[in-house]
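Here is a short briefing to read alongside the model. Keep the 3D view open and follow the topics one by one.

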Amino acid sequence: MPGDIWIGDLLTAFVRVGADDSAKQESVARLLGFDVAAHEPPGTAEPQEDVPPPGPPGGPGESARPQPRPVGPTATPGPLAAVAPSTPANGTGLRLLAPVAHEPRPEVEWQVASLPLPPAGQHRSKPLPHEPLLAPRSSSAILQLALSRITADGEPDIPETVRRLASGHPLTEVPLEPVRTLRFGVQVLVDLGAGMEPFRRDQQELVAQVQNTVGQEHTEVRYFEGSPLQGTGPGHRRSWRPYEPPARGTRVLVLSDLGLGGSGLGPRRGAPADWREWGRLIEGAECTGVAFVPYPCERWPAWATRLMHIVSWDRHTTVGRIVHPGR
């Protein structure tokens, strides 16, 4: 069938038989059914013989004048003549191939029925329950240990009183036993930077838990981005003002990644120098800083560990793994 042989088959045949000249290529093409004569490029026909210019019609010698040889294909069209149009349609002198037939696509018959459509409103499922970073069974104890201060406000310290009297020192005041207390309150600094965006809900829940543990009247919540020195405030960014340390003895809780997260290209990204200046401010106010960082201790920057006490904000953190920040 003529439609079973295409140009690619012709090129393959050229390579197989080593048709390296036009004569062999023409022979192979004719054997495969291609009309080679119809594809001869312009200027390949035999040159016409030189003939004298024709005389006037009916003049003497008209019958003896040789007739010019016809120019163009003289061979009988091959098998592809019934497939391709006889006149090139693309203006390149090459004959276009036309499809022999179009086979219809078979219809697929499924063996099983399609699944039914879900009922209306079923896709509106409830959100998955949120699991906080700190384990609920130990979060309250962790906050009390991290936010409390040790002061001499307990019962009279009898052993210390006896030691002073035995040493001959005057007893100007009765020594009291050291106890932990939350009465100095806490200032919570919440980082709203891009690095803390995945932990936004954890920040909100921890702030609420701090208020329930210390008391709302002893809890001050302020927001910042980058570092507290770039401005803090209790509400929207338009209300932020330069940072002011809290009252003397207040614990300062920082909920931040300390610049470990995010792309690192933010315009409000806090620099270590800003945090060091902030540390000097709270130290001058006789306050102590504690940071909850949602990254393992292997990634904590060295300058931050020297500046304040850091707690790993993770579900594996327990009370036994926290060192009390001190005064």
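The notes below cover the sheet, its strands and helices, one residue in a helix, the salt bridges and the cysteines.

This is a predicted model, in which local features need pLDDT of at least 70 and side-chain atom pairs count only at pLDDT 80 or more, while totals for chains, interfaces and linings use all residues. Residues are numbered from 1 along each chain as its sequence is written, and side-chain values use heavy atoms, with hydrogens and water left out. At the centre of this briefing is an open sheet of 5 strands with parallel pairing. Helices (H or I, at least four residues) and strands (E, at least two) are DSSP runs, numbered from the N terminus.

**The sheet**

- The strand order is β4-β3-β5-β6-β7, where two strands count as paired if DSSP finds at least two bridges between them.
- β4 and β7 are the edge strands, each pairing on one side only.
- From one strand to the next, the twist averages 20 degrees.
- As general background, strands of a sheet pair through backbone hydrogen bonds, either parallel or antiparallel.

**Strand β6 and its partners**

- Strand β6 covers residues 288-293, and 6 of its 6 residues are buried; buried means under 20% relative accessible area, exposed means over 50%, and partly exposed lies in between (1.4 Å probe, protein chains only).
- Both faces of β6 are covered, with Thr288, Val290 and Phe292 buried on one side and Gly289, Ala291 and Val293 buried on the other.
- β6 pairs with β5 in the parallel sense over 5 bridges. Leu253 stands opposite Val290 in β6, and Val254 has Ala291 of β6 as its bridge partner.
- With strand β7 (residues 309-312), β6 runs parallel and is joined by 4 bridges. Here Val290 has His309 of β7 as its bridge partner.
- Between β6 and β7 the chain passes through helix α7 (residues 302-307), giving a right-handed β-α-β crossover. Right-handed means that, with the strands pointing away from the viewer, the path from the first strand over the helix to the second runs clockwise.

**Helices on the sheet**

- Helix α3 (residues 136-147) packs on the sheet, where it touches β3 (186-191), β5 and β6. Its direction makes about 150 degrees with that of β6; axes are lines fitted to C-alpha atoms, for helices over the stretch in contact, and angles run from 0 to 180 degrees between N-to-C directions.
- α6 lies across β3, β4, β5 and β6 and runs at about 160 degrees to β5.

**A look at Val207**

- Val207 is found in helix α5 (residues 200-214) and is buried, with a relative accessible area of 11%.
- Which residues does Val207 contact, leaving aside its neighbours within four places in sequence? They are Val188, Val190, Val221 and Leu255, where contact means heavy atoms within 4.5 Å.
- Val207 and Leu253 are 46 residues apart along the chain, and their C-alpha atoms are separated by 9.9 Å.

**Salt bridges**

- The model has 8 salt bridges, each being a side-chain nitrogen of Lys or Arg within 4 Å of a carboxyl oxygen of Asp or Glu.
- Glu26 and Arg30 form one of them, at 2.9 Å from N to O. They sit 4 residues apart in helix α2 (residues 22-31), so about one helical turn separates them. Glu26 is partly exposed at 30% relative accessibility, and Arg30 is partly exposed at 40%.
- Arg237 and Glu225 also meet in a salt bridge, at 2.9 Å from N to O. Both lie in the loop between β4 (219-224) and β5 (251-255), so the pair ties together parts that are 12 residues apart in sequence. Arg237 is partly exposed at 41%, whereas Glu225 is buried at 17%.
- Arg280 and Glu277 meet at 2.7 Å, N to O. They are 3 residues apart in helix α6 (residues 272-284), so they too are separated by about one helical turn. Glu277 is partly exposed, with a relative accessible area of 32%.
- Salt bridges that share partners join Glu160, Arg163 and Arg164 into one network.

**Cysteines**

- How many disulfides does the structure hold? The count is 0, with a disulfide taken as a pair of cysteine sulfur atoms within 2.5 Å.
- Cys287 is buried, with a relative accessible area of 5%, while Cys297 is partly exposed at 45%.
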